[in-house]
Every structure is written in C-alpha cells, then in structure tokens.
Amino acid sequence: MSGEAASMLPHPLRTISDEFRELQYIINQFQTQLDAPDGTIGLHPFGQINVDKTHVSFTQTCMRLREALMQYRDRTLTSWNQVLRVDLSQSHQLQTAPGMMVSTNTPVLAATNRAVVSAQELYEMRKITDALHEDTGVCKNELFDAAADAISRALMQSNSGQPTLLVERLKATAKKLGLAHYTDVQKRDNEGEVTTVTLAGGILVIDVDIGLLKDQLKVKVSYVSDIEHDERIDALMLGRLVNGDIRGFEKLVEEMAQLDRLTKEHSPANFIYNSFALVSTLAEIQSQELVALDNDIQKLLKHGSGISLPHTRHVGPSTLFFIPAAVRSGFTQNNWSALATNSFAGVADIPGLRWLCYSWEPSNTSHCFLSALFQQHCLKPDYVIEDSDTHKVVSISHPNIHGLQLRFLEFVKQTKRQENPGSMQVDGQETHADINSDFWIPYTMVAWLESPLPACALTVRKIMAAVSPDSKVEVLSPSTDSTAETLSLDSPRLLEDAPTLEHLVFKEYVAKQDVSGSAGPLDPQEMTSPVLAEAAAENPKLRKSSIHIINGQSVAVELEAPQIRAWSICRIPLSHPCNILSVVPLLRRQAVFNELLASCFSTSDNSAATSKVSVKTYANDPFRIDVVFINQQTMSSDAGDVGKRPKNTSDEEQQQQSMDVEDSGENTESQDGIMSVGQGVILRVIEATGDILAWTHQSLGISPTTDLLSAMSGVATNSLKKTTSHKNLSAVANISNSIPMIAYWLKSNAQ
C-alpha cells in the first residue's frame with residue numbers, strides 16, 4: 001500500500017470533536033443550573049433539567065464517541081500498521097542488498113511521523129476525556145446533593161413527611177451505594193398510609209417508615225446475623241431525618257453500607273460485629289477507669305482515655321477526649337452525669353469538642369478480627385480465660401491511673417492452620433478456639449479526628465512510638481491544607497518543610513471566628529510568622545499585639561514565635577485497641593496547649609490596654625510558656641515622685657504597701673506618668689493529664705529588678721517541680737486555659 005493510498009481514508013459523518021462538544025454541552029447544562037441565582041430550587045426534581053433524559057443523552061454521546069474512536073483505530077491506525085509492515089520488508093531487502101543505501105524519504109518514515117502526531121493527539125484526547133469524565137462526576141454529585149438540600153428544605157418548611165420525595169430519594173441512595181431496595185405500602189390504624197422502604201445489603205437491613213406526617217418517620221437498623229439490635233443507631237439516624245438533614249442521614253447509611261460491603265468481601269471477618277466489639281471494649285475501659293476514679297466523670301476526662309459516646313456523631317465507636325474550658329465552665333452536674341451514661345442530648349452539636357472516631361482502613365499488614373466467640377478486647381476483671389495457641393491475655397498498667405491494671409485479649413497469627421485447635425476455658429465452659437488465618441486480613445483499626453488537631457513534632461513522634469515503631473500518622477499537607485500525607489518515624493519531613501504550631505493554631509482560631517465582614521481570605525505568606533502581620537479591623541489577621549477585654553479591662557498580649565514545627569493530625573492507625581490508652585493523653589495534652597496558645601490571639605481592634613502581657617514559647621520544650629505580666633497604672637499628678645509619701649497615709653500603711661509590692665516581686669518604673677508592675681510566670685502542660693502547672697518568678701528565685709523574660713528562659717525545664725508550683729495560680733490556669741484570664745486574676749489579686 002502506498003503513502004498516497006494511506007492518506008485517502010474515509011471519515012465518519014460525526015467527528016470525535018463533534019462528540020466531545022456534545023458532552024461539553026450536556027455538562028454545561030448542569031453547570032448553568034447549578035450556578036443559577038435561585039440556587040438549587042431550579043434543579044430536578046423541581047427544575048427544568050430532566051435527569052433521565054440527560055442520562056440517556058450522555059450515554060448515547062459516550063457510545064458514539066467510543067464508536068468514533070474505534071473507527072479511528074480500525075481504519076487509520078490499522079492502515080498505518082499495514083504500511084509499516086510493507087515498508088519494513090522493503091527496508092530489510094534494501095539493507096541486505098550489497099552496496100545499497102536506504103532512502104530517508106520512504107513511506108515508513110512518513111507513516112511513522114504521522115503515527116507520532118496521531119499518538120500525541122490521542123494522548124490529548126485521553127486527557128480531555130478524563131477531564132470530561134471528572135467534570136461529569138462532579139456535576140452529578142452536585143446535582144445529587146442539591147436535590148438532597150431541596151428535600152431538606154421541604155421537610156423543614158412543613159409538618160409533612162414528604163413521602164413521595166423521601167421514597168424516591170431512598171431508592172436513589174440505595175442505587176448509589178449498591179444496596180438493594182424494596183417498597184411496601186400499608187394502611188395502619190390511626191396512622192393512615194405508611195410506606196416502608198427497605199435498604200438491604202449482605203447482612204445489613206435498614207427499614208424506613210414514611211407517613212404523611214413527619215411524626216410518622218421511623219428508622220430501624222437490623223442485621224441478618226447474631227448482632228444485637230442497638231436502638232441508639234435508630235435514634236441517631238431518625239434524628240437526622242426529622243431535622244431535615246438528608247445528607248447527614250445518607251452519610252450514616254454510607255458508613256454502614258461500607259461496613260456491610262467489607263464484611264461481604266472478607267468473610268468470615270465481620271466488620272459490623274467488630275465495630276460493636278470495639279464499642280464494648282471502650283465501654284469496658286471507661287467502666288474500669290471510673291471505678292478507679294471514684295466514678296468522677298470529670299476526673300475521667302482528665303486522667304482516663306476519654307468518654308466513650310458510641311453512635312453519637314457516627315455509627316460505631318466515638319470517644320470525647322477534650323472539652324474546651326469555656327464549654328466546661330457551663331456544664332452542670334447533671335450534664336456531667338448524662339455524659340457518663342451517654343444520655344446528654346445535643347452533646348454531638350456542641351462546638352469545639354474534640355472527638356476520636358474509629359473505622360477500618362486497608363493496611364500493609366494483616367490484623368486479627370474477632371469472631372463471634374469473643375465480644376471485646378478489654379476483659380472484665382472477673383472474666384476467666386486461659387491462653388492458647390491462638391490467643392493470649394496481656395495485662396497493661398494504666399499510664400495515668402496508679403494501680404489500675406487492664407487485661408486485653410491479643411491474638412497470635414498461625415503460620416499453619418491447625419485441624420484440631422487447642423481448647424480453652426471461657427467462664428468455666430470448655431469450647432474450641434476458632435481464630436484462624438481466615439480472620440487475619442489486611443485491614444487495621446484507625447482513629448480519626450473529626451477536626452484535624454495541630455500537633456508539634458514531639459507529639460507526632462510519641463504517638464507513632466506508642467502505636468508501633470513502623471506506624472504512620474496521616475496529616476494534612478502544609479501546601480494545600482486538604483491533601484492527606486503520611487509521616488513515619490524516619491520521615492525527613494518531621495525535621496523540615498513543616499509550618500509552625502502558632503501558624504496552624506492561628507489558622508484554626510480564625511476559622512472559628514465570624515469573618516463575614518472580612519475583605520478576603522488570609523494570605524498564607526502573611527502567616528509565616530504568626531505575630532508579625534499587621535491587623536485590620538475589617539479583615540482580622542495576625543497582629544503584633546492582640547487586645548482582650550475582660551470585665552471592662554483590656555489586656556494586650558504580645559507573643560514571641562519560637563518556630564515550633566507542627567502538622568495537623570488527621571488519622572492514627574492503631575495496631576491494637578490498647579493503643580488508645582497511650583494515644584489519648586498525648587492528644588489531650590496537645591489540645592490543652594493549643595487552647596492556651598490560642599488565647600493569645602484576638603481579632604479585637606481596641607487599641608487601649610491597661611495591662612500588657614509578653615509571652616514566649618520554646619521549640620525545645622513545645623509545652624512550656626513563659627509569661628511576663630505588666631500592670632500599667634496611671635500615676636496621680638500630685639504624686640510628684642515615686643519615693644514620696646502619698647497624702648493622708650500613715651507610716652504603717654506606707655510600710656505595708658511597700659511590703660506588698662516587695663512580696664509580690666513587682667518592679668516599679670516611672671515613665672511618662674505610667675507605673676509598670678511586673679510579674680513573671682512559667683506555665684507548663686504536663687503529659688499524663690494535660691494539667692497546667694504554674695511557677696512564679698519569686699518561687700524560682702529570680703530577682704524582680706532583672707529582665708524577667710530573659711531570666712526565666714534560663715530556668716531549665718527539668719528543674720520545674722510540681723511541689724514548687726503555685727497552687728492557686730495553677731488552679732486558675734486549669735480552669736480558664738487562658739493567658740489573658742490568668743493576667744486578669746493576677747491583677748485582681750494584686751489589688
């Protein structure tokens with residue numbers, strides 16, 4: 001075949017470019033509706049777009065595009081392939097002839113050049129196709145979410161149960177998640193017509209009753225197995241529906257569908273059963289901790305492994321490990337009692353709480369999943385069980401509660417499956433161990449934080465060491481703040497290329513503030529040094545001096561950045577549930593220090609201040625803060641000189657005032673009619689409980705006439721003993737977790 005013949009190829013009536021333009025038109029239809037001024041009201045099922053018709057058009061266009069690409073392959077590329085084979089044989093004959101030179105202007109070279117150009121075009125087409133596919137998926141998800149928002153508004157704006165909308169929505173959700181769905185309509189006494197939509201998986205069954213009224217909504221989750229029914233899951237899912245949170249309800253269904261799918265794929269390992277077993281494990285840990293702490297739930301939050309609140313925000317186990325000081329101060333004794341029994345209504349909606357939630361994710365190493373023989377990992381004190389070839393009981397001393405021993409069940413992976421596994425004693429009854437290699441699968445339990453926690457390198461290293469030497473912690477990428485990255489103990493990024501802790505804490509602080517009047521988002525370049533950027537009232541940014549108003553008095557806080565390297569922790573893989581005992585105190589300590597550090601920031605534009613606070617933190621000890629409080633008082637015009645006796649003051653009163661100043665370590669300076677009184681304090685968050693201990697410069701033997709901040713920096717951290725700390729000041733620090741509040745307390749007591 002000649003080169004001229006190869007160039008005369010038939011062309012399809014519709015080109016590939018035509019099909020791409022058709023796809024782009026369909027996508028633009030979605031985008032136009034999504035960007036409409038009236039929002040999601042114009043979307044299906046209330047708008048102009050017919051989803052079924054659009055789906056058919058999109059499918060037909062994709063089929064035509066596929067056919068065009070196949071024709072391009074069969075007609076054009078096949079012809080080129082034939083040319084290459086013919087010219088390859090001709091070139092071989094020319095090369096074998098003695099003294100013959102191969103011509104450079106041969107059909108094979110021309111076809112090769114055309115093939116290279118065509119390959120580049122196909123590569124570009126593939127990129128366009130992938131982009132169109134991604135855009136289509138985004139538009140489809142946006143349309144699906146917009147329809148959910150429309151149904152939510154319909155539920156919130158009336159007492160109607162919206163049976164037609166909910167039934168169709170549940171069917172669409174089942175289809176999206178790969179669940180089967182069934183519909184049953186019944187007329188019930190005093191309820192009228194009720195439609196029951198059943199979503200079914202491998203062992204998962206979710207029944208949703210939908211009536212004409214919102215009060216008739218009901219949800220029941222059950223399982224085709226021996227797993228017991230838990231009404232807390234029903235209440236959690238029903239609460240989302242009644243409140244019109246369609247997306248939240250579907251998120252819960254998605255979580256359960258994922259567990260059901262993993263159970264089906266990795267049978268006999270049951271992910272749903274193991275999630276409930278972890279709930280029982282955390283409940284047993286909490287029960288034994290409470291007994292050791294005299295049933296004091298507040299002590300549990302400080303010394304224990306967190307408050308177990310399963311099925312509160314997600315289906316499955318969740319742990320509350322930190323409550324901000326401002327929220328704690330508003331809790332009543334009834335609130336604390338309700339937390340202990342998981343009956344605190346609305347606790348999931350309180351902002352600022354720190355949660356650990358647990359799920360399962362793929363792992364490079366296999367982990368053992370419990371069979372129906374075992375209900376949990378943490379054993380009750382009176383539970384009798386003997387070690388065997390497949391499992392053993394390990395006693396662990398609680399890291400924070402002296403004298404408390406916890407017993408955990410661990411499993412030994414069998415290198416070869418035994419036909420006659422050893423027997424064991426469980427509560428006096430002889431049974432057979434059925435833990436074998438079938439229950440060892442490449443999935444691990446993961447503790448993930450709902451809101452990423454900024455943590456210094458020391459915390460990250462200790463967490464990885466507490467879990468396992470080869471563990472990896474997932475953190476947010478410092479460049480995108482959304483892409484997850486993993487860190488290991490030998491990761492070079494633990495030493496460099498990380499933002500500072502102040503940087504991350506301030507970003508988290510600003511995210512919680514109402515910035516509706518701001519001029520725009522924060523500039524990352526202006527946040528590299530969190531205390532050097534100037535502030536504007538309409539656009540709060542990092543400022544040299546932040547102003548805090550407390551009971552009508554203003555306190556100016558200046559923070560010296562120490563360049564503590566840090567990351568925002570997202571997920572922590574656990575090798576065993578007992579890791580929670582070591583991980584939670586580390587997270588709690590970091591959360592306490594972050595709150596203490598965040599108290600130095602403010603978006604107030606008030607420039608007047610009666611007190612000044614200088615704050616310095618340390619990179620070599622990321623849980624220590626040195627603070628100097630300067631109480632500025634305007635001197636009376638008739639005072640004349642500091643050393644003169646004030647009018648109407650006796651010798652005894654003047655001597656007592658001098659002793660008060662000397663005992664408090666306050667230094668006085670006269671400058672422009674202002675008397676500055678200084679007090680130095682060292683604050684440090686201890687690891688075990690997250691308590692804040694405070695030392696004054698007097699107890700450290702530092703002269704009040706020196707530069708207090710510089711003098712305190714020379715105090716070694718290991719020389720700070722709890723016995724020498726200031727009891728009352730430490731109590732104030734633990735109650736408030738706020739440096740301005742500590743300054744206010746010092747000023748009030750000085751007066």
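Colleague: How many bridges join β9 to β10?

Modeller: In this predicted model, β10 covers residues 405–411 and β9 covers residues 391–397. The two strands run antiparallel, and one of their bridges places V394 opposite F408 of β10. The number of bridges joining β9 to β10 is seven.

Colleague: In what order do the three strands of this open sheet lie?

Modeller: The edge strands are β8 (378–379) and β9 (391–397), each of which pairs on one side only. The pairing in the sheet is antiparallel. The order of the strands is therefore β8-β10-β9.

Colleague: Which residue in β10 is the bridge partner of C378?

Modeller: β8 and β10 pair in the antiparallel sense over two bridges. One of them links L379 to R407 of β10. For C378, the bridge partner in β10 is F408.

Colleague: How many of the seven residues of β10 are buried?

Modeller: A residue counts as buried when its relative accessible area is under 20%. By that cut-off β10 is largely enclosed by the rest of the structure, because the number of its seven residues that are buried is five.

Colleague: Is C456 buried or exposed?

Modeller: C456 is found in strand β13, which spans residues 440–456. Leaving aside its neighbours within four places in sequence, C456 is in contact with L501, I564, R565, A566, Q590, P622 and F623. Its relative accessible area is 1%, and under 20% counts as buried, so C456 is buried.

Colleague: What distance separates the C-alpha atoms of C456 and P622?

Modeller: P622 is one of the residues in contact with C456. Along the chain, C456 and P622 are 166 residues apart. Their C-alpha atoms are separated by 7.1 Å.

Colleague: How many disulfides does a search of the whole structure find?

Modeller: Cysteines are present in buried positions: C570 has 8% relative accessibility, and C600 has 3%. A disulfide would require a pair of cysteine sulfur atoms within 2.5 Å. The search of the whole structure finds a number of disulfides equal to zero.

Colleague: Are α12 and α14 roughly parallel or roughly antiparallel to each other?

Modeller: Helix α12 (residues 457–467) packs against α14 with the axes 9 Å apart and an angle of about 170°. At their meeting, T459, K462, I463, A466 and V467 in α12 face residues of α14 including S582, L586 and Q590. Angles over 145 degrees count as roughly antiparallel. The two helices are therefore roughly antiparallel.

Colleague: Which helix gives the most to the largest nonpolar core?

Modeller: The largest nonpolar core has 120 residues, and those with the most contacts inside it are M237, L683 and I739. Eleven residues of this core come from a helix spanning residues 580–598. That helix is α14.

Colleague: How many residues are in the other core, which has I297 among them?

Modeller: In the largest core, I739 touches L596, S599, C600, V613, V615, I625, V627, F629 and L683, not counting residues up to four places away in sequence. Another core lies apart from it, and its residues include I297, L300, L320 and F344. The number of residues in this other core is 28.

Colleague: Which residue does a cis peptide bond join to S267?

Modeller: Omega of this bond is about 15°. The residue in question is found in the loop between α7 (246–265) and α8 (271–292). The cis peptide bond joins S267 to P268.

Colleague: Is D294 buried or exposed?

Modeller: D294 lies in the loop between α8 and α9 (297–303). It has a positive phi of about 60° although it is not a glycine. A residue counts as exposed when its relative accessible area is over 50%. With a value of 62%, D294 is therefore exposed.

Colleague: Is N737 buried or exposed?

Modeller: N737 has its place in the loop between α17 (727–736) and α18 (739–750). Phi of N737 is near 50°, a positive value in a residue other than glycine. Its relative accessibility is 4%, so N737 counts as buried.

Colleague: In which strand does S308 lie?

Modeller: S308 is buried, with a relative accessible area of 11%. Not counting residues up to four places away in sequence, S308 touches L282, A283, Q286 and S318. The strand in which S308 lies covers residues 307–308 and is β5.

How values were computed
Residues numbered from 1 in each chain as written. Predicted model: local features only at pLDDT ≥ 70, side-chain atom pairs only at ≥ 80, totals over all residues. Heavy atoms only, no water. Helix = DSSP H or I, 4+ residues; strand = E, 2+ residues; numbered from the N terminus. Buried < 20%, exposed > 50% of the residue type's maximum accessible area, 1.4 Å probe, protein only. Contact = heavy atoms within 4.5 Å. Core = buried A, V, L, I, M, F, W, Y, C linked by side-chain atoms within 4.5 Å. Axes fitted to C-alpha atoms, helices over the stretch in contact; angles between N-to-C directions. Parallel < 35°, antiparallel > 145°, perpendicular 65-115°, else oblique.
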